[in-house]
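Biologist: I would like a close look at the salt bridges in this protein. Please set them in the context of the whole chain, and keep the sentences short.

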Amino acid sequence: QVQLVESGGGLVQAGGSLRLSCVASGRTRSTYDMGWFRQAPGKEREFVASITGIGSNTYYADSVKGRFTISRDNAKNMVYLQMNNLNPVDTAVYYCGATTRIMAIATMTKAAQYDYWGQGTQVTVSS
């Protein structure tokens, strides 16, 4: 089993920044590909960004490209999501996911492809 714990959420004004963190423990592997998803009330969980375990290749949803940056520190079993120029539509619970499957990074965009999830961290952007 792999346990994931997110942190770093909060309330921020439009145009502000937040940095989310996700720490992995248990039977984690640095080769696992990781992703960030978000879920707003009444909506499905949607893909935000992903990063491969080998090579740290990244992929982003069009809605966050140029504003968000995903990164990882395998030595610390950490994955980060730096979010800049936030706007109210970014308000959601943000989840960190890990997948044991081998996929092309551009296909790692569906929540069903991830095997482990954290409990989520709330991000609220006020206008």
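Modeller: A salt bridge here is a side-chain nitrogen of Lys or Arg within 4 Å of a carboxyl oxygen of Asp or Glu. The side chains of Asp-115 and Arg-101 form one, with N and O 3.3 Å apart. Arg-101 lies in the loop between S9 and strand S10 (116-117), and Asp-115 lies in the loop between S9 and S10 too, so the bridge ties together parts 14 residues apart in sequence. Keep in mind that this model is predicted.

How covered are these two partners? Asp-115 has 31% relative accessibility, so it counts as partly exposed. Arg-101 has 40%, so it also counts as partly exposed.

Next comes the network. Arg-38, Glu-46, Arg-67 and Asp-90 are joined into one network by salt bridges that share partners. One pair in it is Arg-38 and Asp-90, whose side chains meet in a salt bridge at 2.8 Å, N to O. Arg-38 sits in strand S4 (residues 33-39), while Asp-90 sits in the loop between strand S8 (78-83) and strand S9 (92-99), so this pair links parts 52 residues apart in sequence. Arg-38 is buried, and Asp-90 is buried too.

Now take another pair. Asp-62 and Lys-65 meet through their side chains in a salt bridge of 3.1 Å, N to O. Asp-62 counts as exposed because its relative accessibility is 66%, and the cut-off for exposed is over 50%. Altogether, the count comes to 5 salt bridges.

Strand S4 deserves a second look. Gln-39 has its place in this strand. Its relative accessible area is 26%, so Gln-39 is partly exposed. Which residues does Gln-39 touch, leaving aside its neighbours within four places in sequence? They are Glu-44, Arg-45, Ala-92, Val-93 and Tyr-95. Gln-39 and Asp-62 are 23 residues apart along the chain, and their C-alpha atoms are separated by 16 Å.

Strand S3 (residues 18-26) offers another example, since Ser-21 lies there. Is Ser-21 buried or exposed? Ser-21 is buried, because its relative accessible area is 14% and the limit for buried is under 20%. Setting aside neighbours within four places in sequence, Ser-21 contacts Val-5, Glu-6, Ser-7, Trp-36, Met-78, Val-79 and Tyr-80.

Now step back to the whole protein. It has 11 strands and 0 helices. Its pattern along the sequence is β-β-β-β-β-β-β-β-β-β-β. The radius of gyration is 13 Å, close to the 14 Å that the globule rule gives for 127 residues, so the protein is as compact as a globular protein of that length. Along the principal axes, the C-alpha atoms fill a box of roughly 40 × 25 × 25 Å.

How much of the protein is buried? Buried residues make up 45% of the 127 residues. The protein exposes about 6,400 Å², and carbon and sulfur atoms supply 49% of that area. Contacts tell a related story. Among contacts between residues at least 6 apart in sequence, 58% join residues at least 24 apart.

Last, the charges. The protein carries 12 positive and 8 negative charges, and the mean positions of the two sets are 3 Å apart.

Technical notes
Residues numbered from 1 in each chain as written. Predicted model: local features only at pLDDT ≥ 70, side-chain atom pairs only at ≥ 80, totals over all residues. Heavy atoms only, no water. Helix = DSSP H or I, 4+ residues; strand = E, 2+ residues; numbered from the N terminus. Buried < 20%, exposed > 50% of the residue type's maximum accessible area, 1.4 Å probe, protein only. Rg over C-alpha atoms; globule rule 2.2 N^0.38 Å. Contact = heavy atoms within 4.5 Å. Areas by Shrake-Rupley, 256 points an atom, 1.4 Å probe, with all protein chains shown as cover. Lys, Arg positive; Asp, Glu negative; His and termini not counted. Charge placed at Lys NZ, Arg CZ, Asp CG, Glu CD.
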